[in-house]
Amino acid sequence: FSQRLGSVARNARQKMVSKDHDLSVRRQCGLLSLARSNLYYQPKGESAENLRFMAIIDKQFLETPWYGSRQMARHMQRQGHQCGRHRVRRLMRLMRLVPIYQTPNTSKKNPQHKIYPYLLRDLALERPNQVWCVDITYIPMRRGFLYLVAIMDWYSRTVLSWRLSNSMEADFCVEALKEAIAKHGRPKIMNSDQGSQFTGFEWTQALKDADVKISMDGKGRWVDNRMIERLWRSLKYECIYLNAFETGSQARAGIGKWLAYYNTERPHSTHGILTPQEAYERKTQPMRLAA
């Protein structure tokens with residue numbers, strides 16, 4: 001049954017879910033291997049003022065990723081926005097924005113959430129599927145926001161899979177991982193930050209089951225996962241900010257169209273005139289990853 005289910009398109013499975021069914025929506029999603037939180041892609045709500053502040057913070061953070069809540073609050077105030085540090089800090093946490101500087105780790109880690117070492121320093125990138133990276137970003141909407149997770153092949157910069165969600169639960173990340181592995185095989189190493197979605201049992205166990213080594217950035221080290229951070233910058237300036245998406249379906253269609261363009265039509269500077277998809281499909285000369 002599970003093999004047959006896997007062959008059914010995700011959109012088709014979503015259409016099978018009915019609120020009028022004797023089984024609960026939660027139970028139906030479980031049987032169909034769907035994440036309930038992603039079923040409708042309804043934008044998450046905040047006040048109109050907070051959404052406006054979040055858009056400003058998001059754009060500024062792309063320019064100055066070392067800004068913490070104190071510096072961001074000062075920037076907001078200099079621009080004439082009445083937004084104090086406590087609000088900025090809450091919004092940055094909600095948007096999952098972590099400055100690149102190292103911060104003291106004064107909190108006790110959950111023993112069930114192991115932090116894995118960073119494995120990519122001085123690693124020679126020689127082929128596709130050697131290293132994948134994953135990250136989550138905030139997607140502003142006209143009346144709310146969503147979260148986007150993407151899995152990228154580090155060698156070619158190809159986006160292998162992605163998912164939208166209106167919550168930060170780990171299930172939509174695991175869905176993206178399983179889709180990428182099903183379509184492209186498994187990588188040798190998967191790199192991520194230390195977000196709870198990537199340190200929790202569901203994500204790490206999925207990698208272990210696939211026999212994939214786990215690598216994690218240093219705390220607050222945006223630069224360690226810089227390849228996908230550059231993707232976010234291009235996506236937001238070339239797609240998200242130019243289109244005030246109102247619904248999840250509009251966002252999904254718009255993001256999907258841009259990512260298809262990015263993969264198949266836009267040459268990446270790392271590979272000269274080759275697009276990420278072309279670089280993924282052909283073996284080129286080894287490159288060395290800078291520390």
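How many bridges join strand E2 to strand E5, and do the two run parallel or antiparallel? Three, and the strands run parallel. The legends below go through that pairing and its surroundings.

This is a predicted model, where local features need pLDDT of at least 70, side-chain atom pairs count only at pLDDT 80 or more, and totals for chains, interfaces and linings use all residues. Residues are numbered from 1 along each chain as its sequence is written, and side-chain values use heavy atoms, with hydrogens and water left out.

**View 1. Strand E2 and its pairing partners.** Strands here are DSSP runs of at least two residues (label E), and helices are runs of at least four (H or I), numbered from the N terminus. Two strands count as paired if DSSP finds at least two bridges between them. E2 spans residues 131–140. With E5 (residues 189–192) it shares three bridges, and there Val131 has Ile189 as its bridge partner. With E3 (residues 145–153), E2 shares nine bridges in an antiparallel arrangement. Look for Ile136 opposite Val149 in E3. A hairpin of four residues links E2 to E3.

**View 2. The two faces of E2.** In a regular strand, side chains alternate between the two faces of the sheet. One side of E2 carries Val131, Cys133, Asp135, Thr137 and Ile139, and the other carries Trp132, Val134, Ile136, Tyr138 and Pro140. Both faces are covered: ten of the ten residues are buried, meaning under 20% relative accessible area (over 50% is exposed, in between is partly exposed; 1.4 Å probe, protein chains only).

**View 3. Around Val131.** Val131 sits in strand E2. Why does Val131 count as buried? Because its relative accessible area is 2%. Contact means heavy atoms within 4.5 Å. Skipping neighbours within four places in sequence, Val131 touches Leu120, Leu123, Leu125, Met152, Asp153, Trp154, Tyr155 and Ile189. Arg186, 55 residues away in sequence, has its C-alpha 9.5 Å from that of Val131.

**View 4. Ser156 in the loop after E3.** Ser156 belongs to the loop between E3 and strand E4 (159–165). Ser156 counts as buried because its relative accessible area is 0%. A polar contact is a pair of N or O atoms within 3.5 Å; within protein, one must be able to donate a hydrogen and the other to accept it, and residues adjacent in sequence count only if both atoms are side-chain atoms. The Ser156 side chain has such a contact with the side chain of Asp153 at 2.7 Å, plus another with the side chain of Thr158 at 2.8 Å. Leaving out neighbours within four places in sequence, Ser156 is also in contact with His271, Pro276, Ala279 and Tyr280.
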